[in-house]
Amino acid sequence: LNEHDGLGRAVLLAEDCTALATAGPQFATVQHEPVTVLPQDQQLLLWGRPRDPDPDPSEWVTLAEHRIGRLPVPGLDAAPSTDGHDPVLWLREYIAKDDYGNAYVLDERLCRLGWAPVRERKPAS
């Protein structure tokens, strides 16, 4: 969260809380109750098709479509040279159970951006 000139708060999410110990004293740690359901891996299809890369030498790709216009996306490697790949965001949702037995998403972790062949996308269920 950018609160002032690039300074602010951030959240570190780890499945192993010993990894948070090395994060540094500037991070306050909060430990959730253990999740009652296994984490669920998800993938989200991003809108847009890759366009000419930006002149910036960093790893940004511009996705464009009439619905969204042009959207620069960080951390997405250059598009594969062959067609048939879609930009995808892989994430992990952590499901917990409340006092009444209802399941809810306690937290989610963005894992990576990348390209997935169209044939490997999971159909909506």
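Two strands count as paired when DSSP finds at least two bridges between them. With that in mind, welcome to this predicted model; the legends below go through it one close-up at a time.

**Figure 1. The whole chain is built from strands, with no helices.**
The protein chain has eight strands and zero helices, so read from the N terminus its elements run β-β-β-β-β-β-β-β. The chain holds 125 residues, and 19% of them are buried. Its accessible surface comes to about 9800 Å², and carbon and sulfur atoms account for 54% of that area. Now look at contacts between residues at least 6 apart in sequence: 49% of these join residues at least 24 apart.

**Figure 2. Strand E7 is largely enclosed by the rest of the structure.**
Strand E7 covers residues 85-97. Why is E7 described as largely enclosed? Of its 13 residues, 12 are buried, so the rest of the structure largely encloses the strand. Buried here means a relative accessible area under 20%. E7 has pairing partners in two other strands, E3 and E8, and the next two views take them in turn.

**Figure 3. Strands E3 and E7 run antiparallel.**
Strand E3, residues 40-45, is joined to E7 by six bridges. To find your place in this pairing, start at Gln43, whose bridge partner in E7 is Trp90. In general, the strands of a sheet pair through backbone hydrogen bonds, in either a parallel or an antiparallel sense.

**Figure 4. Strands E7 and E8 form a hairpin.**
Strand E8 spans residues 103-117, and its antiparallel pairing with E7 extends over 13 bridges. A good landmark is Ala96, which has Tyr104 in E8 as its bridge partner. Five residues lie between the two strands of this hairpin, and there Gly101 takes a positive phi near 90°.

**Figure 5. A salt bridge links Asp41 and Arg92.**
How many salt bridges does a search of the whole structure find? The search finds two, and this view shows the one in which the side chains of Asp41 and Arg92 meet at 2.7 Å, N to O. Asp41 belongs to strand E3 and Arg92 to strand E7, so the pair ties together parts that are 51 residues apart in sequence. The two side chains are also joined by a polar contact of 2.7 Å. Asp41 is partly exposed, at 47% relative accessibility. Leaving aside residues up to four places away in sequence, Arg92 touches several others, including Glu15, Pro39, Gln40, Asp107 and Cys111. As a general point, side chains of opposite charge can pair when their charged atoms come close.

**Figure 6. Strands E4, E5 and E6 make an open sheet.**
The order of this three-stranded sheet is E4-E5-E6, and the pairing is antiparallel. Which strands form the edges? They are E4 (49-50) and E6 (69-74), each of which pairs on one side only. E4 is joined to E5 by two bridges, with Pro50 standing opposite Leu63 of E5. On the other pairing, six bridges join E5, residues 60-65, to E6. Here Leu63 stands opposite Leu71, and Thr62 stands opposite Pro72.

**Figure 7. Arg67 sits in the loop of a hairpin and meets Glu65.**
A hairpin of three residues connects E5 to E6, and Arg67 is found in the loop between these strands. Is Arg67 buried or exposed? Its relative accessibility is 55%, so Arg67 counts as exposed, the cut-off being over 50%. The side chains of Arg67 and Glu65 meet in a salt bridge at 3.5 Å, N to O. Glu65 is partly exposed, with a relative accessible area of 21%. Look also for Trp47: its C-alpha atom is separated from that of Arg67 by 8.3 Å, although the two residues are 20 apart along the chain.

**Figure 8. Trp47, Ile68 and Leu71 make a nonpolar surface patch.**
The patch formed by these three residues has an area of about 280 Å². Trp47 lies in the loop between E3 and E4. Its relative accessible area is 46%, so Trp47 counts as partly exposed. Leu71 is a residue you have met already: in E6, it stands opposite Leu63.

Technical notes
Residues numbered from 1 in each chain as written. Predicted model: local features only at pLDDT ≥ 70, side-chain atom pairs only at ≥ 80, totals over all residues. Heavy atoms only, no water. Helix = DSSP H or I, 4+ residues; strand = E, 2+ residues; numbered from the N terminus. Buried < 20%, exposed > 50% of the residue type's maximum accessible area, 1.4 Å probe, protein only. Contact = heavy atoms within 4.5 Å. Areas by Shrake-Rupley, 256 points an atom, 1.4 Å probe, with all protein chains shown as cover. Polar contact = N/O pair within 3.5 Å; in protein donor to acceptor, adjacent residues only side chain to side chain. Patch = residues over 30% accessible without salt bridge, like charges linked within 9 Å, V, L, I, M, F, W, Y side chains within 5 Å. Salt bridge = Lys/Arg side-chain N within 4 Å of Asp/Glu carboxyl O.
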